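I opened the notebook with a short list of things to look up. Strands, helices, backbone geometry and empty space were on it.

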Amino acid sequence: MSTQADPLKTRVAIVGHCRSSCVVRFSRGAQTVIVVFVLLLGSPVFARLSDFVGLWRNPDQRGQLVSLRIRVDGNRLTVQAEVRCESAKCDWGVVEALAYGPDKSSVLSESAQSVSAVFKQPDREVLLILSLDGQLRRLKAELFTHFTDNSGRVDFVESCSLEREVMMKMARPPEIIPQFPWPPPRASAMADISRSFLVSPTVQKSSLAEISARLVTALEQCGYVEKSFYAVPEGFALATQLEQIDADGTSKPAPDRWSVKVNPLRVFSLTDYLKALFTANPGRYRVIVFVVTSHPFSQSDASVSQQEAQSWLSSGLNTLPKSIGDLAFTSEYTCTALVYEFEEPSSGNTPVIQVPSELTGRDHLSKSGLWPALESQP
Amino acid sequence: MMLPMSACKKRLTILWFVGGGFLCFIVIVQTIFNHYGNRASDAWGWLLPTFMPTLSLIASVWSMDVLGKSAAIESVDRFVFWLAFALSLAYLLVVAMTILLQPFVSSSAEGYISVMNRSSLFLGPFQGVVGASLGVFFVKKQSEGADQNGR
């Protein structure tokens, strides 16, 4: 039996007229006869030779054949088989294969009907016959095993259907970065964050990704685990989750902190009780937006509603995009915290933005714990 | 065992006026601080019927006493007095509780008013029982006095 390479055109077998039975002497002629026999059992499918190419896996875990890798290199068609041995998987190596067309004038690259290959192993010779199904999704494999070690084992034939392994190369979607309203809507208060809080003195160059990381670390230290990134000119905006605060700017303890409505008292405290019993029980809410940009900016006259500020969390990105993060944090960059504070006069009423806030931006950052958290970072 | 009627009447009067005054005070402060928002009239609409009829009755009987139109009944059964006193106290506490527990039940004016409206389910019958027990002291005495004056 030969696996010698010949030009594919010369390997065309006439399969339409022969009706011989199968023999198990794997000479070139025998290969042809077996291929003819196999092909006569089913309706022929004419595929391009390239349709055979690829990695095919056997979904049947009990079958001898594990996978086949078929390649075409110029005129050379090769098959590599991985089979199931007693304890592991064995590689039968790469062998040259023969392609067969429907008639002797066929152009195999356009109308290949079947492929055969012979694997010679120390104890056996295996003839592999391959054909594609009608939709070219499955590769039917017939393995004719002839034992050559005089062990008395009976030659056998095994067939299986292999599936093409799809390479999961998902195309990366185009990067769409939500834009923060620019210039930013009028805030209740603002505070500039010192560069010394954001850049370690020992670091020569810093990127926006590193600045973002420091801000995120400080936010998480203060319980702001949910945040959202937006693009602003030459930089980014980082918006926090809407939180409920006391009149002095201190964040309410969870779970009231993240509630978007004023809840009844859960724990008795005389001060809170008297306040809730006698007053209108107003709700105060806050969103902090850190804007890191090299562009000087003012605030627009646009008034932002609580719902809009609340939606900043869900409309932005969960992480800073690389295209922004890679920008260098030069001396032109500043970091400004914009505080949007909303007051609900009494529970059930529509919260309105407080412009200006009774507290300064720095008070808000101090009471929320963010100022000390940023200040204490190495 | 009998108790002096005038003393019993005074005790009940003090209880009702102090209790009613306390409730009024709370709701007045709440109204001033806009606790009920634009639902203040609903709050007062709930509160006043809970104790004003009784206070009015008591006040009118005292007026009759001052005018000397009611006959003096010297004593009343001790059990009857304490039953009326306990029922009155319990009723006023339940009314107060409906207001004082608001912060734990709701956080909005609508919620407070809703609690008040729901409380009418049990306050109505309760008020009937309390009124009946007080009638022994005030209504009955008034009618007896009227009978005596009519002879």
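These entries follow the order in which I looked things up.

**Entry 1. Status of the model**

I noted first that this is a predicted model.

**Entry 2. The barrel in chain A**

I asked in what order the strands close into a barrel in chain A. I found eight strands in the order S1-S2-S3-S4-S5-S6-S7-S8, with antiparallel pairing. I then looked up the turn between neighbouring strands of this sheet, and it averages 30 degrees, direction ignored.

I went on to the closing pair. S1 of chain A covers residues 54-57, and S8 of chain A covers residues 156-164. I counted two bridges between these strands, in the antiparallel sense. Which residue of S8(A) stands opposite Arg57(A)? I found Glu163(A) there.

I checked the other partner of S1(A) next. S2 of chain A, residues 65-73, runs antiparallel to S1(A) and is joined to S1(A) by four bridges. Here Arg57(A) stands opposite Ser67(A) in S2(A). So I have Arg57(A) down twice, facing Glu163(A) in S8(A) and Ser67(A) in S2(A).

I followed the sheet one step further. S2(A) pairs with S3(A) over eight bridges, again in the antiparallel sense. I noted Val79(A) in S3(A) as the bridge partner of Ile70(A).

**Entry 3. Backbone geometry in chain A**

I looked for cis peptide bonds. One joins Trp182(A) and Pro183(A), with omega at about -5 degrees. I placed Pro183(A) in the loop between S8 and S9 (189-193) of chain A. Another cis bond joins Val355(A) and Pro356(A), and omega is about -5 degrees. I placed Pro356(A) in the loop between S15 (352-353) and H8 (361-368) of chain A.

I also looked at phi. Asn150(A) is not a glycine, yet its phi is positive, at about 55 degrees. I located Asn150(A) in the loop between S7 (138-147) and S8 of chain A.

**Entry 4. The cavity**

How many cavities of 30 Å³ or more does a search of the whole structure find? I found one. I put down about 60 Å³ for the space in the largest cavity. I listed its lining as Ala247(A), Arg284(A), Glu341(A), Glu343(A), Gln354(A), Pro356(A), Ser357(A), Glu358(A) and Leu359(A). Pro356(A) of this lining is also a partner in the cis bond with Val355(A). I sorted the lining by class and got three nonpolar, two polar and four charged residues.

**Entry 5. The pockets**

I turned to the largest pocket and noted about 640 Å³ of space. Of its 27 lining residues, I found Asp246(A), Lys252(A), Asp256(A), Leu265(A) and Asp272(A) closest to the centre. S12 (243-245) and H5 (270-278) of chain A each give at least two lining residues. I noted that H5(A) has the largest share, with three residues. The lining divides into 12 nonpolar, seven polar and eight charged residues.

I took the second largest pocket next, with a volume of about 220 Å³. Its lining includes Gln64(A), Val83(A), Arg84(A), Cys85(A), Glu86(A), Cys90(A) and Trp92(A). I also found Gln121(A), Asp123(A), Arg124(A) and Arg153(A) among the lining residues. S3 (76-84) and S4 (89-100) of chain A each supply at least two residues here. By class I had four nonpolar, two polar and five charged.

**Entry 6. Helix packing in chain B**

I looked up H2 (residues 40-67) and H5 (residues 109-135) of chain B. They pack at an angle of about 10 degrees, with axes 10 Å apart. H2(B) and H5(B) are therefore roughly parallel, as angles under 35 degrees count that way. From H2(B) I noted Trp46(B) and Phe51(B) among the contact residues, and from H5(B) Met116(B) and Leu123(B) among those they meet. I split the residues of this contact into nine nonpolar, six polar and one charged.

I then checked H2(B) against H3 (residues 78-100) of chain B. Their axes come within 11 Å and cross at roughly 170 degrees. I entered H2(B) as roughly antiparallel to H3(B), because the angle is over 145 degrees. Trp46(B), Leu47(B) and Thr50(B) of H2(B) make the contact with Tyr91(B), Val95(B), Thr98(B) and Ile99(B) of H3(B). I counted five nonpolar, two polar and no charged residues in this contact.

How values were computed. Residues are numbered from 1 along each chain as its sequence is written. Chains are lettered from A and ligands numbered from 1 in the order in which they are written. This is a predicted model: local features need pLDDT of at least 70, side-chain atom pairs count only at pLDDT 80 or more; totals for chains, interfaces and linings use all residues. Side-chain values use heavy atoms; hydrogens and water are left out. On a 1 Å grid over the protein atoms alone, a cavity is a set of points where a 1.4 Å probe fits but cannot get out, and a pocket is an open set with protein on both sides within 12 Å along at least five of seven lines; lining residues have an atom within 4 Å of a point. Grid points are joined across faces, edges and corners, and a volume is the space filled by probe spheres set on the points. Ala, Val, Leu, Ile, Met, Phe, Trp, Tyr, Cys and Pro count as nonpolar, Asp, Glu, Lys and Arg as charged, and the others, Gly among them, as polar. Two strands pair if DSSP finds at least two bridges between them. Axes are lines fitted to C-alpha atoms, for helices over the stretch in contact, and angles run from 0 to 180 degrees between N-to-C directions. Angles under 35 degrees count as roughly parallel, over 145 as roughly antiparallel, 65 to 115 as roughly perpendicular and the rest as oblique. Contact means heavy atoms within 4.5 Å.
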